[in-house]
Amino acid sequence: MSGRPFRHKALLPRFRDAGRGLVRAYREEPNLRFHVFAGTCAAVAAYAVGVSGWEVAYLGGTIALVLFAELVNTAVERATDLAAGGRRHPLAGAAKEVAAGAVLLTALHALFAATLLFALRRDLAESVQAVFRLLIHRPLWLLPPAIAGVLGLFGGSRHES
């Protein structure tokens, strides 16, 4: 590793580094890939059932919250592993458990949001039928979840750097 600092003064390198971080996390974290897949499935289902404006915002915020929690969890795990130097330490374990708990909490909220939007505000059977109708009449709507799923299967492995 070179002696260059991690902080940039210019705006574009900051965006480049953020983009690299997203790509790295997607490649190396299977849980993030799963959450991206689930989020694309939820977005397609939302389109199929015709969610309203506030429901779109709620669903989008929920998906973003889950992805955010997973990214923070990944950062906490990496920083904790580095700080612990490969040794087991109760505080390192606690930090990882708390970060994983944040992901669990947001994932449970996502289940609540899906229940609310697709089963309580609408009849669940009608929601499922609407999704099937969309996929039968407009099969290209299968592409976003299919791409996320295929990329998720072949996402890669964890690389230390």
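## S127 in helix 5

S127 counts as buried, because its relative accessibility of 5% is under the 20% cut-off. This value, like the others in this report, comes from a predicted model. S127 is placed in helix 5. Leaving out residues up to four places away in sequence, S127 touches V49, F118 and R122. Two of these partners, V49 and F118, are also members of the largest nonpolar core.

## The largest nonpolar core

The largest nonpolar core has 12 residues: A42, V44, A45, A46, A48, V49, V51, L59, L117, F118, A130 and L134. Helix 2 (30–49), helix 4 (90–120) and helix 5 (124–137) are the elements that each give two or more residues to this core. Helix 2 has the largest share, with six residues. In soluble globular proteins, nonpolar side chains tend to be buried together.

A48 illustrates the contacts made here. Apart from neighbours within four places in sequence, A48 is in contact with A130, V131 and L134. Of these, A130 and L134 are listed in the core along with A48.

## Sites recorded in UniProt

An unreviewed UniProt entry gives the feature "binding site" at E70. E70 is part of helix 3. With a relative accessibility of 2%, E70 falls under the 20% cut-off and therefore counts as buried. Not counting residues up to four places away in sequence, E70 touches N31, L32, H35 and V103.

The unreviewed entry in UniProt also lists E29 and E77 under "binding site". These residues span 49 residues in sequence, but their C-alpha atoms are no more than 11.1 Å apart, so they gather at one spot. E29 is in the loop between helix 1 (11–28) and helix 2, whereas E77 is found in helix 3. At 7% relative accessibility, E29 is under the 20% cut-off and so counts as buried.

## The second largest pocket

The volume of the second largest pocket is about 370 Å³. Its lining has 18 residues, of which A38, G39, A42, A110 and L111 are the closest to the centre. One of these, A42, is also a member of the largest nonpolar core. Helix 2, helix 3 (53–84) and helix 4 are the elements that give two or more residues to the lining.

Helix 2 gives the most to this lining, with seven residues. By class, the lining has 15 nonpolar residues and three polar ones, with no charged residues. Helix 2 thus appears twice in this account: with the largest share of the nonpolar core, and with the most residues in the lining of the second largest pocket.

## The chain as a whole

The protein chain has six helices and zero strands. Read from the N terminus, its elements run α-α-α-α-α-α. Taken along the principal axes, the C-alpha atoms fill a box of roughly 55 × 35 × 30 Å.

The chain has 161 residues, and 27% of them count as buried. For contacts between residues at least 6 apart in sequence, 77% join residues at least 24 apart. The contacts of E70 with N31, L32 and H35 and those of A48 with A130, V131 and L134 are examples of contacts within this chain.

Conventions:
Residues are numbered from 1 along each chain as its sequence is written. This is a predicted model: local features need pLDDT of at least 70, side-chain atom pairs count only at pLDDT 80 or more; totals for chains, interfaces and linings use all residues. Side-chain values use heavy atoms; hydrogens and water are left out. A nonpolar core is a set of buried Ala, Val, Leu, Ile, Met, Phe, Trp, Tyr and Cys residues joined through side-chain atoms within 4.5 Å. Buried means under 20% relative accessible area, exposed over 50%, partly exposed in between (1.4 Å probe, protein chains only). Helices (H or I, at least four residues) and strands (E, at least two) are DSSP runs, numbered from the N terminus. Contact means heavy atoms within 4.5 Å. On a 1 Å grid over the protein atoms alone, a cavity is a set of points where a 1.4 Å probe fits but cannot get out, and a pocket is an open set with protein on both sides within 12 Å along at least five of seven lines; lining residues have an atom within 4 Å of a point. Grid points are joined across faces, edges and corners, and a volume is the space filled by probe spheres set on the points. Ala, Val, Leu, Ile, Met, Phe, Trp, Tyr, Cys and Pro count as nonpolar, Asp, Glu, Lys and Arg as charged, and the others, Gly among them, as polar. UniProt positions are given in the numbering used here, feature names are shortened, and annotations may be inferred rather than shown by experiment.
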